[in-house]
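Work through the exercises below with the model open beside you. Each task is followed by a stepwise solution.

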Amino acid sequence: MKTNIREIKSFFYSQYFSDGLRMTIGILLPSLVFAQFNQFDIGLTLSLGALCICTIDSPGPVSHKRNAMAIGNFFLFVVAVTTGFARLSLFTLGTEITLFSFFFSMFTVYGNRAASVGTCALLVMIFMMDKAAKPNEVLPLSATILAGGIWYMLFSLVFFGIRPYRAAQQVLGENIADIADFLRIKADFYSPNTDIDKNYRKLVSKQIIVSQHQDAVRELLFKSRIMVKESTNVSRILVLTFVDLVDMFEQVMATHYDYSHINEKFKSTGILDDISLIIRQMADEMDNIAYMVLTNKRNRSQFDFDPVLEQLKLKIDEIKTNDQTATNIALKKILINLRDLNDRIKSMGNYYHFKSSKTLLEDSENKLEFAKFVPQQDYAPHVFFDNFSFGSAAFKHALRVSMVCLVGFITAKSISLGHHSYWILLTIIVILKPGFSLSKQRNYQRLIGTIFGGIAGIIILMFIPDKNIQFALLVILMIGTYSFLRLNYVVSVIFMTPYVLILFKFLGVGLVVKERIIDTIIGSSIALIASYIIFPSWEFEKIQDNLVGVITANINYLVKIAESIIGKQVGTIEYKLARKDVFVKSANLSAAFERMTSEPKSKQRNIKELHKFVVLNHILSSYIATIASSVSNKALHAAPSENLKLIKKSISVLNECNKKFNGRIVEFNTGKTHPVVENESVVKLSADEILLKEQLGFINKISNDIARVTDHIVEANGE
């Protein structure tokens, strides 16, 4: 029960609820204010502009929001004016819908925020379609919509200006909670009843979410001047917490073992249950830290894992004493990893367990060049025009949207049941995504949400006639709609449908449930059929790029290790950039694979081999991260030549895989940076060097396994 209360509280402290509250106030306030002066129509038009611009108000640096919303307001006015005059003729309106749908859908080439600017423009076009405005009323109406958009932009910027660190705290807190969930999945590997293969699927899915949230935190922290340039206590705590968090995630990713072998060997000792319990307790402690970051409270004492880990060490030592045939080296490695994990948790917790962290922070000077860790988006015009080819997924998506919107417009004007034919186009715009799987998922979510939301709306309007209560419910439903928009789209639509129905009742339109549901079904059907037959985009057509990406990233990571071994100076930033590239590319591959699993069976090419590749890539990345951590922290430069040979073999094998996928070869020359020990027979290797050699041998084995899977994929594609 306590956990459920914590989760509910966390939601109300989260960015999702904060976004929902901000959007609701920004949209609703103009209508309420102008209604007091008997100018409700003007207020409603202002709210329409705010509604369109709020689609751009997604998480990110304030400067990015400001610029995007300013550009959005420009297009808002231009499109409103154009549509106001174009609607005077069905032919000109159809032409405008076709051209604008293509143009603004192409904004996806500039990333998600630019795509939201395009969505904003398409929304105002759709809402203006049925506005009964005379030619002399078009400009004043468009100016009022623009005023609503500007109002929302200023309101949002003031909202963030009051609490400039709040957005970063929210995203960081959610990212910490993600990694806590990741740890719990890791803990399941130590249970003998766990299906290892299924658990890998869960682990990979969670890795995608962790990677996405980490990118969001990077943007907020490292692209915000107030975070990087200003040395306030809060900003420094946030940056240092995130740096520790990323290092911890690498540590968790790097802990990989042969879980089937470990379970078989040690399940009778009971030690694996202890390990699993400790990992879960650490995940709980991570949740506590996440809650402190979200709520901005620092009054909770930390859990002390030192005695627990000491007891675990004694139990591991007893296993060796009681059974001389069972080696406990693997268990000792796990213990070392748990101790490292404990140190990371302590480090993060300490930032939030002191009234002032000034002394702590002064001792932790961070010299990282943060800008290198944030991807830079190129907004040059040539990016737009370079994608004018059928080899571009964005171009095919824009063409599909353009053609489908024209079909939707003709359908709406031909068979629409009422005066809200724009609902068909609105459904199409919301549902159609660049990939089939995303369109299919959004389609089902929209339909289910509309049907259940429609039922809820009917119940409210029939059994709650009091207008004051209806208005209160309208506000609650609006907050729910925008709070769950990014968190859970089905729930968002369930809230949205009754909110729209109550709004129309207040506007005197009457009950339009049947019209809304039928228009949604029509729009959904058109969108789903179109995504299947009009320039369809299947994951098997693009997944080769993801395969090349992860292979190249792993090779580059191995190259950094090899350079360290032969004596070349490799900085911390170089290691961390290589590590980030591996994790991001791995998450991209995993996401593409997951999308493929929701596509039609006939389009799921090489699905078993790709699943093997994803799992092997996860194992490979984990072992490389383990070695990178040890090599960067220890002086292993005068390494045996066999170690260097193993790395070169692995790089060569992975390069061959890249070659088969038509990827580029990563060149690596050992040069003459440091002499390698040749007479290894007389050299006694240290424990660290023996361990390194074993790990490199395993990496070589995994690389060869990946090569075999690659051959199967290439052969299947060639058939």
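**Surface and overall make-up**

The protein has an accessible surface of about 32300 Å², and carbon and sulfur atoms hold 59% of that. Areas here follow the Shrake-Rupley method with a 1.4 Å probe, and for residues only the protein chains shown count as cover. The model is predicted: local features need pLDDT of at least 70, side-chain atom pairs count only at pLDDT 80 or more, and totals for chains, interfaces and linings use all residues. Residues are numbered from 1 along each chain as its sequence is written, and side-chain values use heavy atoms, with hydrogens and water left out.

**Exercise 1. Describe the fold in global terms.**

Step 1. Count the secondary structure. The protein has 28 helices and zero strands. Helices (H or I, at least four residues) and strands (E, at least two) are DSSP runs, numbered from the N terminus.

Step 2. Take burial. Of the 719 residues, 52% are buried. Buried means under 20% relative accessible area, exposed over 50%, and partly exposed in between (1.4 Å probe, protein chains only).

Step 3. Take contact range. Contact means heavy atoms within 4.5 Å. Among contacts between residues at least 6 apart in sequence, 82% join residues at least 24 apart.

**Exercise 2. Find the residues that touch the most other members of the largest nonpolar core.**

Step 1. Fix the term. A nonpolar core is a set of buried Ala, Val, Leu, Ile, Met, Phe, Trp, Tyr and Cys residues joined through side-chain atoms within 4.5 Å.

Step 2. Rank the members. The largest core has 117 residues, and I275, M286 and F613 touch the most other members. Helix α24 (residues 539–565) gives the most to this core, with 13 residues.

Step 3. Inspect M286. Not counting residues up to four places away in sequence, M286 touches I176, I179, A180, L183, L245, M248, I345 and M348.

Step 4. Look for another core. A second, separate core holds 80 residues, including M23, I126, F127 and L477.

**Exercise 3. Work out how α8 packs against α13 and α2.**

Step 1. Set the geometry. Axes are lines fitted to C-alpha atoms, for helices over the stretch in contact, and angles run from 0 to 180 degrees between N-to-C directions.

Step 2. Start with α13. The axes of α8 (residues 166–188) and α13 (residues 271–295) come within 8 Å and cross at roughly 170°. That makes α8 roughly antiparallel to α13. Angles under 35 degrees count as roughly parallel, over 145 as roughly antiparallel, 65 to 115 as roughly perpendicular, and the rest as oblique.

Step 3. Sort the residues of this contact. There are 15 nonpolar, four polar and seven charged. Ala, Val, Leu, Ile, Met, Phe, Trp, Tyr, Cys and Pro count as nonpolar, Asp, Glu, Lys and Arg as charged, and the others, Gly among them, as polar.

Step 4. Turn to α2 (residues 15–35). Its axis lies 9 Å from that of α8, at an angle of about 145°. Q15, Y16 and S18 of α2 meet Q170, V171 and E174 of α8. By class, this contact has two nonpolar, three polar and one charged residues.

**Exercise 4. Decide whether K206 and K202 are buried or partly exposed.**

Step 1. Place K206. It sits in helix α9 (residues 196–222). Its relative accessibility is 14%, so K206 counts as buried.

Step 2. List its partners. Beyond residues up to four places away in sequence, K206 touches D178, D181, F182 and I185.

Step 3. Place K202. This lysine is in helix α9 too. K202 counts as partly exposed because its relative accessibility is 45%.

Step 4. List its partners. With residues up to four places away in sequence left out, K202 touches I185 and D188. The C-alpha atoms of K202 and F182 are 8.9 Å apart, with their positions 20 residues apart along the chain counted as separation.

**Exercise 5. Check two asparagines with positive phi.**

Step 1. Take N38. Its phi is positive, about 60°, although N38 is not a glycine. At 71% relative accessibility, N38 is exposed.

Step 2. Take N606. This residue also is not a glycine, yet its phi is positive at about 55°. N606 lies in the loop between α25 (572–597) and α26 (607–633). Its relative accessible area is 16%, so N606 is buried.
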